[in-house]
Amino acid sequence: AGRLAVHGLGARPGTNAGFGAVDGRTVILLPGTPGDALAAWLLLVRPALAALTGAAPASPLHARLAHKVTSTVGLVELAPLRRLADGHVEALATGALPLHALASGAVLILPAASEGAEAGAEISVTLFRPDP
């Protein structure tokens, strides 16, 4: 009924996401698990909607990491974040968005070329719900 342009992202989670077209309309394929679906939303849907509507990107939020975060080179990885009492943030997982961690409302998106981030590093925080 349509054309599949891309199936699978170089992202963890989100590897089963994709996009294509049906009757000339773009279709984004969201994976069935909540963490994978959220990753696809953050990496594909949100930027596409912003581009289509001409919305200005949100001002980046910055925070300092309490602990080192490691990442696999070659994959974009998402790490849910939790704010600590001292104002720092810590990653709850890397390359996974377990259901309980989705309540945090914020993630660190580690680029594919990244090996991670050192403790004390200033990072950009991506929010996916208000007031995390």
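## Contacts and overall build

Let's start with how this chain folds back on itself: of the contacts between residues at least 6 apart in sequence, 55% join residues at least 24 apart. Keep in mind as you look around that this is a predicted model.

The chain has eleven strands and one helix. Reading from the N terminus, you meet four strands, then the helix, and after that the remaining strands, in the order β-β-β-β-α-β-β-β-β-β-β-β.

## Size and surface

How does the radius of gyration fit with a compact globule? For 132 residues, such a globule would come out near 14 Å, and the chain has 15 Å, which agrees. If you draw a box around the C-alpha atoms along the principal axes, it is roughly 55 × 30 × 25 Å.

Of the 132 residues, 33% are buried. The accessible surface adds up to about 7,500 Å², and carbon and sulfur atoms account for 59% of that. As for charges, the chain has 9 positive and 9 negative ones, and their mean positions sit 5 Å apart.

## The nonpolar cores

Now for the inside. The largest nonpolar core has twelve residues, including Ala-63, Leu-65, Val-89, Ala-117 and Ile-123. Strand S7 (76-83), strand S9 (106-110) and strand S11 (122-127) are the elements that give two or more residues to this core. Which of them gives the largest share? That would be S9, with three residues. There is also a second, separate core of seven residues, with Leu-38, Leu-42, Leu-78 and Val-107 among them.

Leu-110 is a good residue to click on, as it belongs to the largest core. Setting aside residues up to four places away in sequence, Leu-110 touches Val-69, Thr-70, Ser-71, Leu-75, Val-76, Glu-77, Thr-94 and Gly-116.

## Two strand residues to compare

Is Glu-90 buried or exposed? Its relative accessibility is 13%, and the cut-off for buried is under 20%, so Glu-90 counts as buried. You'll find Glu-90 in strand S8 (residues 89-91). Beyond its neighbours within four places in sequence, Glu-90 is in contact with Ala-66, His-67, Pro-80, Leu-81, Arg-82 and Leu-84.

Leu-29 belongs to strand S4 (residues 25-29). With 32% relative accessibility, Leu-29 counts as partly exposed. Leaving out neighbours within four places in sequence, its contacts are Leu-4, His-7, Ala-17, Gly-18 and Phe-19. Take His-7 from that list: Leu-29 and His-7 are 22 residues apart along the chain, and their C-alpha atoms are separated by 8.2 Å.

## Two backbone oddities

Here's a rule of thumb: most peptide bonds are trans, and most residues other than glycine have a negative phi. Two spots in this chain are worth a look with that in mind.

One is the peptide bond between Arg-12 and Pro-13, which is cis, with omega about -5°. Pro-13 lies in the loop between strand S2 (11-12) and strand S3 (18-22).

The other is Asp-23, which has a positive phi of about 50° without being a glycine. Where is Asp-23? Look in the loop between S3 and S4. Asp-23 has a relative accessible area of 71%, so it is exposed.

Note on methods: Residues numbered from 1 in each chain as written. Predicted model: local features only at pLDDT ≥ 70, side-chain atom pairs only at ≥ 80, totals over all residues. Heavy atoms only, no water. Rg over C-alpha atoms; globule rule 2.2 N^0.38 Å. Buried < 20%, exposed > 50% of the residue type's maximum accessible area, 1.4 Å probe, protein only. Contact = heavy atoms within 4.5 Å. Areas by Shrake-Rupley, 256 points an atom, 1.4 Å probe, with all protein chains shown as cover. Lys, Arg positive; Asp, Glu negative; His and termini not counted. Charge placed at Lys NZ, Arg CZ, Asp CG, Glu CD. Core = buried A, V, L, I, M, F, W, Y, C linked by side-chain atoms within 4.5 Å.
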